[in-house]
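Visitor: I'd like a close look at a single part of this model, please. Take your time and walk me through it in one go.

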Amino acid sequence: MTIASAIAGIGATEFSKRSGRSELQLAAEAVFRALDDAGLPPSEVDGLVTYSQDANQEIAVARETGIGELSFFSRIPYGGGAACATVQQAAMAIATRQASTVVCYRAFNERSGRRFGQPDATIGGEPSSQGLEMSWHVPYGLMTPAAWVAMFARRYMHTYGAGSEDFGRVAVAMRKHAATNPAAWFYKRPITLEEHQASRWIVEPLHLLDCCQESDGAVALVITSLDRARDLRHSPALIAAATQGAGAGQMMMTSYYRDDMTGLPEMSVVGRKLWEMSGMSPSDIQTAILYDHFTPFVLPQLEELGFCPRGEAKDFIADGGIELDGPLPVNPHGGQLGEAYIHGMNGIAEAVRQIRGTAVNQIKNARNVLVTAGTGVPTSALILTTP
Amino acid sequence: MRTLSQGQIAVGTDLPELSIDLTPTMVISTALATMDFTPVHHDVAAARAQGSQDIFVNILTTMGLVERYVTDWTGPEVMITAINVKLGVPAYAGDRLVFTGTVTAESGGEYTVEVRGRVSLGDHAVGTVRFRPPGESA
Amino acid sequence: MTTVLTTPESVRELLAALAERQMAAGETPGAPAPDPVNLPMIRHWTAAMGDRNPVYTDEEFAARSVHGGIVAPPAMAQVWTMPGLGGERSPTPVDDVLAALDEHGFTGVVATNCEQTYHRYLRPGDRLVPATRMTGFAGPKRTALGEGYFVTWEVTWYASGEAVNSMVFRVLKFRPRERKSQPGIRKSYPLRPAVNRDTEFFWEGVRKGELRIQRCARCGELRHPPGPMCPRCRSADRTHVTASGVGTVYSYVVHHHPPVPGRETPFVVAVVELPEGVRIVGNVVDCRYEEVGIGMPVRVAYRRMDEDLILPMWVPRES
């Protein structure tokens, strides 16, 4: 028998443009808050999981927070694709008794420190497999996440007759949700579709308002066995399914060489696995946290996960499908476009709040919440449920 | 069309200047007319790829133009006996090739013209053309 | 040759010995001219050169001239035996010497002298046969281009066994100088590809003006971007084909922001689909970015980014 696990605690710093603190301090603060939320002392933690990209070593976080000994630590590659996989790794560690209580964290000064959206001339410079992969693109100046996504977006528009407004409606919905979320950077600052269309080009066909914000901040999650979680402060968010996925012919953000450029095959991989593991289908999901670093990729996610047929996401969205009163409210917290860009970890925290029934934009009867991670890269996803 | 006779040619005579605009058409049509299909003479991308700034005149054309420069001046019926050319800088499309020349020697009825073909980068071809005017037995 | 010789002196001796042998080999006949001397080719040549001398093309004038009929321009001597488009060049004794120089690093080549002697004017119907002998080998010499050897050969053209024209041709084969960075002269382009043994063939092709696509030597699968193993048949035997150089835009972006090092914005990057069945990413240049669209026909163009780097890019073509 595997040991079922659950998210028992969530914690975060404030989301800002300039934290004024080191990334390690942000990590430690988020870990403390998550442990306090769960009602567990640091000494109970014996596992830590983060992203390969996180600058804070597990041992450093353990030192700062007084966690002490660790029997499990693990890092997940592929940028924001790691988000849900941190929870997956924690659940596996618990299921196999590698650890009993694992904290997942992500902390960075992505706005005031190193900004992912800025070109880095060195990314194609090393003859590692990734450096070589980048070398087919970076020399041509194709080297920012917005540009990598824009290439897919253009083809998607061409194939399905989508327009910039179809992407814009995603941004408008996320900003609408964030407007009523006091934790969101864009709290009380909704936008209109006209403002989206008028915003400057970043990389055509992407406007500024198709790109998520840049944020400083940290989020941490506490995962433990379901049995133990039941005895803690909040009702547990059971991990009904958690999985990673890479598609055939996968590359980092530049999978332009696969037959089709309009889908996200890696999201199909995790989607199939989620439904198989959880025994659920799309109609069982009351709200979804879809990775929204750029608006265009929200559309194929809806399609790959089976929430609407291929090519019809634009109609689903135009009909209000992803809004709070729609058939599948997406990102009630405002997502990364509206709340903050914490590499997808803030979305998992929102899913936990929805399961607990404590979200600011609470979806009624949210029993099952699906969360995805970074798009365009090898990714991960999970379903949280009420036990 | 008249041809200069022996009495009309004097050592020391300067030939009139000939200026040729090296249009891409000029460079390409001469390369192909000389049966030279090397890409650097007709394909800008290929020429640039091997480090040249543009397509450039091929050697067979240089020889042809040097010959033309002299016979344009002498008239049609001289007998060209030899052309010796020292090759210099490339003559790129878009440049201009300007020929100057001087009759420098006569020996046994055979004249030598020193020819210089310049482009913006310097001397493209420097050499001699030897010819016999009509009426002179070889 | 499998001799392992590395000192400059031994290289010099090796090359000199080879040159000596090739010069001793004497004259080697080449393939006869594909066509006899003929008026149409003369007409093309004179038109291209802008040579209006009537003895070459005006039958009446030529008949009354010293020649008594049409003659070919003497400077066309070499034209008659050019291999032409797709033709095979006949082997000559010089080939081995030039190849050996390449092998020892004297890869640069520049023609230095062309001396033609015309024993008689050629007339339509003359059918030329060339013969080549190597006549000179000198070096190593220090030149403005670098250290090198001068190689000289002589071609004699025969018509019905009569030597009608001859040409002495000399080239300098030189060792290209190590490129020293000259800051301020030409800035190094900052966006450099990483290259390893799996991808070197591609960039080598680019330097030669070839767009190379990896091809599995066993099953023939074409693949871009390339990699060490054939994902279809597991073979590590690789070769490549040279793409036709045309393609169509499959998708594209116009980069406006943020600024990219080494680039002026806006610029276009496209995924280009090749008729060979693979896709490749590159910039679309030589047109306004508003003119770029999916399905646009493009062809490859090579752009030098700095002293060391050439990138394949794409320019509009007629469909």
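Visitor: Let's make it chain C: what percentage of its 319 residues do buried residues make up?

Guide: Buried residues make up 50% of the 319 residues in chain C, where buried means under 20% relative accessible area, exposed means over 50%, and partly exposed is in between (1.4 Å probe, protein chains only). Before going further, some ground rules: this is a predicted model, local features need pLDDT of at least 70, side-chain atom pairs count only at pLDDT 80 or more, and totals for chains, interfaces and linings use all residues. Residues are numbered from 1 along each chain as its sequence is written, chains are lettered from A and ligands numbered from 1 in the order in which they are written, and side-chain values use heavy atoms, with hydrogens and water left out.

Now the overall build. Chain C has five helices and 13 strands; helices (H or I, at least four residues) and strands (E, at least two) are DSSP runs, numbered from the N terminus. Its radius of gyration is 26 Å, whereas a compact globule of 319 residues would have one near 20 Å. That radius is taken over C-alpha atoms, and the globule rule is 2.2 Å times the number of residues to the power 0.38. Along the principal axes, the C-alpha atoms of chain C fill a box of roughly 70 × 55 × 50 Å.

On the outside, chain C exposes about 15,500 Å², with carbon and sulfur atoms supplying 49% of it. Accessible areas come from the Shrake-Rupley method with a 1.4 Å probe, and for residues only the protein chains shown count as cover. As for charge, chain C carries 38 positive and 36 negative side chains, and the centres of the two sets lie 5 Å apart. Lys and Arg count as positive and Asp and Glu as negative, while His and the chain ends are not counted; each charge is placed at NZ of Lys, CZ of Arg, CG of Asp or CD of Glu.

How does the chain meet itself and its neighbours? Take contact as heavy atoms within 4.5 Å. Among contacts in chain C between residues at least 6 apart in sequence, 61% join residues at least 24 apart. Two pairs of chains are in contact, and chains A and C share the most contacts.

Let's zoom in on C:Asp102, which you'll find in helix H4 (residues 94-103) of chain C. Why is C:Asp102 called partly exposed? Because its relative accessible area is 35%. Leaving aside residues up to four places away in sequence, C:Asp102 touches C:Thr107 and C:Lys173. The C-alpha atoms of C:Asp102 and C:Phe174 are separated by 8.9 Å, with their positions 72 residues apart along the chain.

Further along, have a look at C:Arg234, in the loop between strand E7 (222-223) and strand E8 (238-242). C:Arg234 isn't a glycine, yet it has a positive phi of about 70 degrees. With a relative accessible area of 74%, C:Arg234 is exposed.

Next comes an annotated stretch: UniProt, in an unreviewed entry, lists "domain: ChsH2 C-terminal OB-fold" at residues 241-302 of chain C. UniProt positions are given in the numbering used here, feature names are shortened, and annotations may be inferred rather than shown by experiment. Residues 241-302 of chain C are 0% helix and 50% strand, and the end C-alpha atoms of the span lie 18 Å apart.

There are cis peptide bonds to check, too. One joins C:His257 and C:Pro258, with omega about -5 degrees, and C:Pro258 sits in the loop between strand E9 (246-255) and strand E10 (267-273) of chain C. Another joins C:Thr265 and C:Pro266, with omega about -10 degrees; C:Pro266 is in the loop between E9 and E10 of chain C.

For a bit of context, here's chain A, the partner. Chain A has 13 helices and eleven strands. Its radius of gyration is 19 Å, which agrees with the value near 21 Å for a compact globule of 387 residues. Buried residues make up 66% of the 387 residues in chain A. No contact joins chain A and chain B, and their closest C-alpha atoms lie 16 Å apart.
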